[in-house]
Amino acid sequence: MVKIREAIVVEGRYDKNTLSQIVDAPILETSGFGIFKDKQQMALLRRVAEKRGLIVFTDSDGAGFVIRNHLKSAIPGKFLKHAYIPDIPGKEKRKSAPGKEGKLGVEGMSREIILEALRRAGATIEGEEAPPACGITKQDLMELGLSGGPGVGARRLALLKKLNLPEHMSANALLQALNLLYSLEELTTTVKAMENRNG
């Protein structure tokens with residue numbers, strides 16, 4: 001059991017059940033889109049975030065990003081960390097058919113993937129040092145052709161696939177994830193390698 005200082009918010013009880021077998025941390029639920037109407041739950045999430053920090057851990061499908069963005073708009077960013085699972089096709093064992101986008105959700109992820117996502121998000125794990133900030137900027141993304149120009153959407157999508165990150169990430173979410181995972185040098189090398197392969 002890995003002890004994490006921050007609280008974690010997930011979409012539903014199956015996600016909570018999966019995480020509670022892996023991490024020792026307070027785990028709260030949004031009840032899916034229920035968070036849009038539940039003012040008391042949102043107030044609780046805000047208070048918990050301000051008190052101990054909150055890791056947003058939603059599915060990588062469109063619905064997960066709608067919930068994530070709602071939380072981002074309601075809770076100051078300085079109290080939030082974002083954990084992202086990769087896009088992995090499949091369905092959870094308890095379901096008879098895959099979800100609309102055919103991707104596994106948080107509940108379908110392995111222990112290793114969940115812990116890696118939490119580390120990448122900058123979770124404060126007991127007994128581990130926090131990773132240092134790398135310092136990739138929006139300007140760096142523009143210079144690498146990943147933001148603010150023609151064809152950036154396709155290039156960004158190709159990079160997301162290459163780095164095994166969710167395809168629904170915005171430029172800001174991508175920037176945050178890159179700063180958690182890579183140095184500018186590593187990112188530049190990856191982008192150049194992709195250009196050479198496609199060039």
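## A guided tour, starting at a salt bridge

Start by selecting Lys103 and Asp87, whose side chains meet in a salt bridge with N to O at 3.5 Å. This is a predicted model, so treat the tour as a walk through a prediction. The pair links distant parts of the chain: both Lys103 and Asp87 sit in the loop between E6 and H4, 16 residues apart. How buried or exposed is each partner? Lys103 counts as buried because its relative accessibility is 14%, under the 20% cut-off. Asp87, at 22%, is partly exposed.

Keep Lys103 selected and add Glu101. These two also form a salt bridge, with the closest N and O atoms 3.2 Å apart. Glu101 is partly exposed, with a relative accessible area of 36%. Now add Glu167 to see the whole group: Asp87, Glu101, Lys103 and Glu167 are linked in a network of salt bridges.

Next, pick Lys81 and Glu6. Their salt bridge has its closest N and O atoms 2.7 Å apart. Lys81 belongs to strand E6 (residues 80-82) and Glu6 to the loop between strand E1 (2-3) and E2, so this pair ties together parts 75 residues apart in sequence. Glu6 is buried at 4% relative accessibility, whereas Lys81, at 24%, is partly exposed. The model has eight salt bridges in total.

From Glu6, move along to Glu11, in the loop between E2 and helix H1 (13-20). Which side chain of opposite charge is nearest to Glu11? It is Arg68, 7.3 Å away, and buried Glu11 has no salt bridge. Show the surroundings of Glu11 and you will find contacts that include Thr30, Ser31, Phe57, Asp59 and Ile67.

Phe57 leads into the largest nonpolar core, which has 23 residues. Select Ile4, Ile8, Leu19, Val23, Phe57 and Leu118, the members that touch the most others. Strand E2 (7-10) and helix H4 (111-120) each supply at least two residues of this core, and H4 gives the largest share, four residues. Centre the view on Ile8: beyond its neighbours within four places in sequence, its contacts include Leu19, Val23, Pro26, Leu54, Phe57 and Leu118. A second, separate core has 21 residues, among them Leu144, Leu146, Leu160 and Val191.

Finish on the surface. Phe33, Phe36 and Val66 form a nonpolar patch there, with about 270 Å² of accessible area together. Phe33 lies in the loop between strand E4 (27-29) and helix H2 (39-52), and is partly exposed at 45% relative accessibility.

Conventions. Residues are numbered from 1 along each chain as its sequence is written. This is a predicted model: local features need pLDDT of at least 70, side-chain atom pairs count only at pLDDT 80 or more; totals for chains, interfaces and linings use all residues. Side-chain values use heavy atoms; hydrogens and water are left out. A nonpolar core is a set of buried Ala, Val, Leu, Ile, Met, Phe, Trp, Tyr and Cys residues joined through side-chain atoms within 4.5 Å. Buried means under 20% relative accessible area, exposed over 50%, partly exposed in between (1.4 Å probe, protein chains only). Contact means heavy atoms within 4.5 Å. Lys and Arg count as positive and Asp and Glu as negative; His and the chain ends are not counted. A salt bridge is a side-chain nitrogen of Lys or Arg within 4 Å of a carboxyl oxygen of Asp or Glu. Patches are made of residues with over 30% relative accessible area and no salt bridge: like charges are joined within 9 Å, nonpolar side chains (Val, Leu, Ile, Met, Phe, Trp, Tyr) within 5 Å. Accessible areas come from the Shrake-Rupley method with a 1.4 Å probe; for residues, only the protein chains shown count as cover.
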